[in-house]
Amino acid sequence: MLSRWKRFVYLLRCSYYVSEVEAKPQLQQYRSAFVFGSWIRRLPKPQTVFSDRTRRTLHTSSPSMVKLLSVEELFARRSLQEHLKKMEMEYGDCLWAVSSSGPEEQCSEDQLRTKRTKVSLLAPLVQSIRELDAKQKEIAETEILLKDEDPALRELAELERENCVQDIRDLRQKILELLIPEEEADLSDLVLEVTAGVGGQEAMLFTAEMFDMYQGFAQHHGWSFDVLEHMTSDIGGLRHASASISGSQSYKKMKFEAGVHRVQRVPKTEKQGRMHTSTMTVAVLPQPTEISFTINPKDLRIDTKRASGAGGQHVNTTDSAVRIVHLPTGVVAECQQERSQLKNREKAMKALRAKLYGMKLEEETSKRSNQRKIQIGTKGRSEKIRTYNFAQDRITDHRIGMTVHDIKSFLLGEDLLDEMNSSLQEFSDQETLMELLEESSQEVS
Amino acid sequence: MNNDAETVFVLNMWRRSLSTRYRCFGRRSVGPKGVWSSHAVRTCSSPVLPAGRITALEAVDFWRRHFEERGVMEPDQSSQHIIAHVLGAKTIESLERERLTEFLSQETAEQVWKLCTRRLSRMPVQYVIEEWDFRDLTLKMRPPVFIPRPETEELVELVLTDLLMKPGTGVGADTQHTCLEVGCGSGAISLSLLKSLPQLKAVALDQSQDAVDLTTENALRLRLQDRLQVHHLDIMKDAETVLSLCRPVLVLVSNPPYLFSEDMASLEPEIFRFEDHAALDGGEDGLRVIKQILVLAPQILSDHGRVYMEVDPRHPPLIRQWVEVNVGELQYVETRHDITGRPRFCILQKAKAKRDHKLDLD
C-alpha cells in the first residue's frame, strides 16, 4: 500500500512539471479519482496524507483557482453546522404544531398543511443528522477502546472505527444531498439544440461532431435520443439540429452543456495548415409536461407541402415536411425526419413547445443570483464554457477551470464527458449550498 | 479504371457539383465527369449502372438529376426515399454520414438502379419501395391499392379522440366496441384504430379483391388479424350483405372515393396510371359512394353511433343539406378541417328520426 502511495506522489510531482500535453493514462485515472470530492469513494483506504490544496492547484489551468471543498471541509464550516441546527429546530417546531398535543392557539388549515409538508420534507434530513450524531458518539467510544491493553480488543476497535469513519462520510454526503433542493426542471426530459456559430464550414463540421458526442452520451446513460430537426451543410456539417432526449436525470446532467463551445484546430477545409478557432452553441431546453405548459392551437400556423391545390385524394406526395409557426412570438419549428406527416407534426410541436417553454423559464431564472460561476439559461447561453484544443489534445471547461485530455475519447460522449459533467454538478451543488447557507445565516442575524 | 487518383478526382467533381448545385451545361461536352455521363441516359430509356463504385450520396444526386430531367415529380424526395429504403432506413436523414459516404456494394447499387428505374415510369415511390408509413404503422403497399394520404391520418385522430372519451374503449375495459370501415384499401384506418385501442374490434370491406388481400396481409404483419374481419364486398351492390355482417357498430369510418369524375383526367400520372380508379372516382358530383354510405348508416350504427368521413373540400355543405332531406335518422354534427385549413371531415350521428322529433314538439 505504501509503495502505491509513494508511486503516486512521484507521478504527481512529475505531472506538475510536465506540461498538460502528454498526460499518462494511468495518471489520468488518479487525477480524476482525486480531484473533485469523490476520491473518498474511489480509493479503498483514503488517508489525509496530502493537503487538499496542493492536489487541486495542479489541475486548474486558469490563475483564478477553483476550490471545490471536500465533505469534511464543508462540515467544518460553522455556517453549515448552524444551518443544520436550524433545520432540526424547525422540524421540531412543526412536528409539535401538527401533533395532537399542539399549541393552544388555533392554526388555520393552510398553516397546518404547510407545517405537515415541512415535516415530511425535513424528516429524512433530520433523521440523517441524528444518525450522524449517533455515529460521532460511537466513534468517540471506540477511541477509548483503542487505548485498551488487550490487542484483540484493539483490533476490533480499529475495525469499528474504520466502519464508523466510512458511515460518517456517507451520512455527511447524504445530508449535503438532502440540503440541496431539487429543481422542478431537473425531473423533466429535454430538447437539445445545437447551432453552428462563427467559422463557416468548419464550425458546421464541429457542430456535427458535437451532436454525435451527445448522442453517444445519451446512449451511455441509456436515454432515448430522438432527432427532431437536422439541417446539414454540403460537406457533412450541421447547421442546426435538435433532439428530444428523455431518461432518468437527463436534464439534470445535460443542463451543464449549455453554452458556447470553442474549437481550436486546423480545419479539414484549410489548405495552408493554419489554426482556426470556431464556435458552436448548445442550448438545453427542459421539456414541459402537457399540464404545466399549454399552447393555444389558434396561435399556430402549420405549413405543409400539401397546402396548394385540393389535397386529399387528388395528390400523392412523399414530402411530408411540416413547419409550425407560433404567431405571437414568431418562433418556428420544422421537421422532416419521418415519412408520416403526423409524426413530423408531433416532432415539430415537441421542438416548438420546448423552445417556448425555454423562453418562459428564462423569465423565471433571471431572478436567480448573477454571481454563480455556472449559469444556466440566457446568462449561460452566450458564455464560452469550453474549449477543445486539438493541437494540445485538451478540453478545458472554463467555469471550473478543469482540463482533461484525449479529445478523441471525449468526443465519444462516454466516461470522460461523464466525469467532467459530474465535476460540474458537484461544483454547482456547492454553489447552491453556499447560497443556501448564506441566506440562512442572514435570516438568523 | 479505379485507381485512387481517378476516384479522388471523380469524388471532387461530385463534391463540387453537390455544393454549387451544378446544372446541365457542361454535361454534353467531353470531359471527365465520371463514368456515368449523360450520354448513357440519352441513348437508353433507363440509365446504365456505372462500372465504377458509387456512394449513396452520389447515387442520390445522380438520380435526382435524372428524375428532374425526365420531369418526374419530387425528384429529390424520390431519390432520397428509394435509396434510404435500399439501405434499410426510412429517411436519408436517419443514416449516418459514414454509411452515406461509403461505397455501395454491387447488389445494393443494382437494387437502387432497379427501383429508381421503376420510378422513372412515374410509379409512386410508395409502390416502388412497396411500403409507407401511416401514423405509427408501416404498411405494405402494392398497386393498384390506394395509397393512404396524410389527411387520412387526421381522420383517424378524430375517431380516436372521440372513442377515447367514451367509457369502455381503454385498456382493461369491459365493453367491446366495433367499428366498420368502408373501402379499407391497404387497411390504414382500421389497423391504426386497432393498434391504438386494444379493446376495439373492426370490420373492413372493399370492393377490390387486391385491397382485401393487402389489408389481410398488413393485419397479419402487424399481428392485429384477431380483431379484424375483412370482406370483399361492394357497398353499392352488396348492401344487404353488409347490413347482415355484424351487429350495430359504434363507429362507421370511411375514406370513400370522392373525386369528381371530371377531375380524374387532370390527375398526376402517379395516381392516374397506377392507383385504382374505383378508389378515387366518386361520380359526377363525387358523392355517389358517400350518399350510399349515409343511406345505409342508420341501419349499421348503434344508437348515438357516429359516421366519420373524409371528403372533398366542396362536399360538407352539400352533404349537410342532402342528409337533412334524405336521411332522417342521421344528424349532421360538424365539419372538421385538416391542417391545411380545408374542410375535410364530416361527422354525423345517428339520432332519433326528425319526423319523430317534430311529433314530440306538437
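This tour goes through a predicted model, from the interface of chains A and B to a strand and several salt bridges within chain A.

**Stop 1: the interface**

Show chains A and B together and select the residues in contact. The contact takes 28 residues from chain A and 46 residues from chain B. About 3200 Å² is buried between the two chains, and carbon and sulfur atoms give 48% of that area. Now pick out Gln313(A), Thr318(A) and Arg339(A): they supply 31% of the area that chain A buries against chain B, more than any other three residues.

Between the two chains, 19 residue pairs are in polar contact, both residues being at pLDDT 80 or more. On the side of chain A that touches chain B, the elements giving two or more residues are β6 (300-304) and α11 (341-365) of chain A. Of these, select α11(A), which gives the most, with four residues. By type, the residues on this side of chain A divide into six nonpolar, 15 polar and seven charged.

Two salt bridges are found across the interface of chain A and chain B. For one of them, select Arg339(A) and Glu131(B), whose closest N and O atoms are 2.8 Å apart.

**Stop 2: His314(A)**

Move to the loop between β6 and β7 (322-326) of chain A, where His314(A) is placed. Is His314(A) buried or exposed? His314(A) counts as buried, at 15% relative accessibility. Select what His314(A) touches in chain B: Leu259(B), Asp263(B), Leu267(B), Ile271(B), Asp312(B) and Arg314(B). With Asp312(B), there is a polar contact between the two side chains, at 3.2 Å.

**Stop 3: strand β9 of chain A**

Hide chain B and select residues 384-389 of chain A, strand β9. Five of the six residues in this strand are buried, so β9(A) is largely enclosed by the rest of the structure.

Add strand β4 (residues 259-265) of chain A, which pairs with β9(A) in the parallel sense over five bridges. Here His261(A) has Arg386(A) as its bridge partner. Then add strand β10 (residues 394-397) of chain A, which runs antiparallel to β9(A) and is joined to it by four bridges. In β10(A), Asp397(A) stands opposite Arg386(A). Strands β9(A) and β10(A) form a hairpin with four residues between them, and Asp393(A) in the turn has a positive phi of about 50°.

**Stop 4: the salt bridge at Arg386(A)**

Keep Arg386(A) selected and add Glu257(A). These residues form a salt bridge, with the closest N and O atoms 2.9 Å apart. Glu257(A) lies in the loop between α10 (250-254) and β4 of chain A, 129 residues from Arg386(A) in β9. Glu257(A) is buried, with a relative accessible area of 0%; Arg386(A) also counts as buried, at 0%. Add Asp397(A) and Arg399(A): salt bridges that share partners join these two with Glu257(A) and Arg386(A) into one network.

**Stop 5: salt bridges between helices**

Over all chains, the structure holds 39 salt bridges. Select Glu72(A) and Arg169(A), whose closest N and O atoms are 3.0 Å apart. This pair links helix α5 (residues 71-76) and helix α8 (residues 151-179) of chain A, the two residues being 97 residues apart. Glu72(A) is partly exposed, at 28%, whereas Arg169(A) is buried, at 18%.

Finish with Arg130(A) and Glu88(A), a salt bridge at 3.9 Å between the closest N and O atoms. Arg130(A) is in helix α7 (residues 109-146) and Glu88(A) in helix α6 (residues 78-98) of chain A, so the pair ties together parts 42 residues apart in sequence. Arg130(A) counts as partly exposed at 46% relative accessibility, and Glu88(A) as partly exposed at 23%.

Terms used. Residues numbered from 1 in each chain as written. Chains lettered and ligands numbered in written order. Predicted model: local features only at pLDDT ≥ 70, side-chain atom pairs only at ≥ 80, totals over all residues. Heavy atoms only, no water. Contact = heavy atoms within 4.5 Å. Buried area = accessible area lost by both parts, 1.4 Å probe. Salt bridge = Lys/Arg side-chain N within 4 Å of Asp/Glu carboxyl O. Polar contact = N/O pair within 3.5 Å; in protein donor to acceptor, adjacent residues only side chain to side chain. Nonpolar A, V, L, I, M, F, W, Y, C, P; charged D, E, K, R; others polar. Buried < 20%, exposed > 50% of the residue type's maximum accessible area, 1.4 Å probe, protein only. Pairing = 2+ DSSP bridges. Lists of a residue's contacts leave out its neighbours within four places in sequence.
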